[in-house]
Amino acid sequence: MQQANTKERIILGIDPGTAVMGYGLVKETGPRIELIALGVVKMEKLDDHMLKLQRIFEKTVALIDNYNPDCLAIEAPFYGKNIQVMLKLGRAQGVAIAAALSRNLDITEYAPRKIKQSITGNGNATKEQVAAMLQNLLKFKETPDFLDATDGLAVAVCHSFQRMGTATKSASGSKKSYSGWDTFVKDNAKRIV
């Protein structure tokens, strides 16, 4: 039985890319997370980089308008050997962020290593390991055609885990959130050795 005061939140996660953009949406109800949707936006057939950016913007706005998420969690571009690739990924990320800003969403960025760490416990996990953990966690059997879809989903789940990780039960059994170590230590002085 769901309590009337249990907050719900829909999180859109995006793994930006210029060939394939992965996305996933989850609904968080208290401590529970359930899968809403996941998929990819393919752009391999578009030759013009600006058209790819336009497709990213339009698809991100369409996802927001269709699912009404409360926030966007997005993967940060990683530094590779090719600066041109990083520049293109940064543009793709920026366009997705601009789409979310156009709909007044809160945005949080996560490093790829942080996402893998929060899902699998290993910051060096493979895309396949992340996908398998998400299938187990969210109880879906379909294997997406592209691991970019589960990468987008991983960003959304990572964002959900960050909020849940900052709450702890108080003596009365209700959840309490802490803004930092100082408030946690103050409220839990007897737990310090």
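**Figure 1. Helix 1 (residues 49-67) and helix 2 (residues 83-102) cross at roughly 35 degrees, and their axes come within 9 Å of one another.** Please keep in mind that this is a predicted model, where local features need pLDDT of at least 70 and side-chain atom pairs count only at pLDDT 80 or more, while totals for chains, interfaces and linings use all residues. Residues are numbered from 1 along each chain as its sequence is written, and side-chain values use heavy atoms, with hydrogens and water left out. Helices (H or I, at least four residues) and strands (E, at least two) are DSSP runs, numbered from the N terminus. Two packed helices are described by the angle between their axes and the distance between the axes. Here an axis is a line fitted to C-alpha atoms, for helices over the stretch in contact, and the angle runs from 0 to 180 degrees between N-to-C directions. The crossing of helix 1 with helix 2 is right-handed, meaning that the near helix is turned clockwise from the far one by less than a right angle.

**Figure 2. Here are the residues where helix 1 meets helix 2.** Helix 1 brings H49, L53, I56, F57, T60, V61 and I64 to the meeting. Helix 2 answers with K88, R91, A92, V95, A96, A98, A99, A100 and S102. The contact between the two helices has 11 nonpolar, three polar and two charged residues. In this grouping Ala, Val, Leu, Ile, Met, Phe, Trp, Tyr, Cys and Pro are nonpolar, Asp, Glu, Lys and Arg are charged, and the others, Gly among them, are polar. Contact, here and below, means heavy atoms within 4.5 Å.

**Figure 3. P16 and T18 lie in the loop between strand 1 and strand 2.** P16 is buried, at 11% relative accessibility, and T18 is buried too, at 17%. Buried means under 20% relative accessible area, exposed over 50%, and partly exposed in between (1.4 Å probe, protein chains only). Setting aside neighbours within four places in sequence, P16 is in contact with M21, I74, E75, L89, A92 and Q93. One of these partners, L89, sits 73 residues from P16 along the chain, yet their C-alpha atoms are 6.7 Å apart. With the same kind of neighbour left out, up to four places away, T18 touches M43, H49, K52, K88 and A92.

**Figure 4. Look for G22 in strand 2 (residues 20-29).** G22 has 0% relative accessibility and counts as buried. Beyond its neighbours within four places in sequence, G22 is in contact with G13, I14, D15, G39, V40, D148, A149 and G152. The C-alpha atoms of G22 and V155 are separated by 9.9 Å, although these residues are 133 apart along the chain.

**Figure 5. R9 belongs to strand 1 (residues 8-15).** R9 is buried, with a relative accessible area of 16%. Its contacts, leaving aside neighbours within four places in sequence, are V26, K27, E28, D70, C71, H159, S160 and R163.

**Figure 6. Helix 3 (residues 112-120) has three buried residues to find: P112, I115 and I119.** Seen down the axis of helix 3, these residues fall within an arc of 65 degrees, so they line one face of the helix. The arc is that of the directions from the helix axis to the C-beta atoms. An α-helix has 3.6 residues a turn, so residues three or four places apart point the same way. Just after helix 3 comes G121, with a positive phi near 85 degrees.

**Figure 7. N104 and K139 each have a positive phi without being glycine.** N104, with phi near 60 degrees, is in the loop between helix 2 and strand 5 (106-110). K139, with phi of about 55 degrees, is in the loop between helix 4 (127-138) and helix 5 (147-165). N104 is exposed, with a relative accessible area of 70%, and K139 is exposed as well, at 68%.

**Figure 8. To set the close-ups in place, here is the protein with its six helices and seven strands.** Along the sequence, they follow the pattern β-β-β-α-β-α-β-α-α-α-β-β-α. Of the 193 residues in the protein, 39% are buried. Among contacts between residues at least 6 apart in sequence, 59% join residues at least 24 apart.
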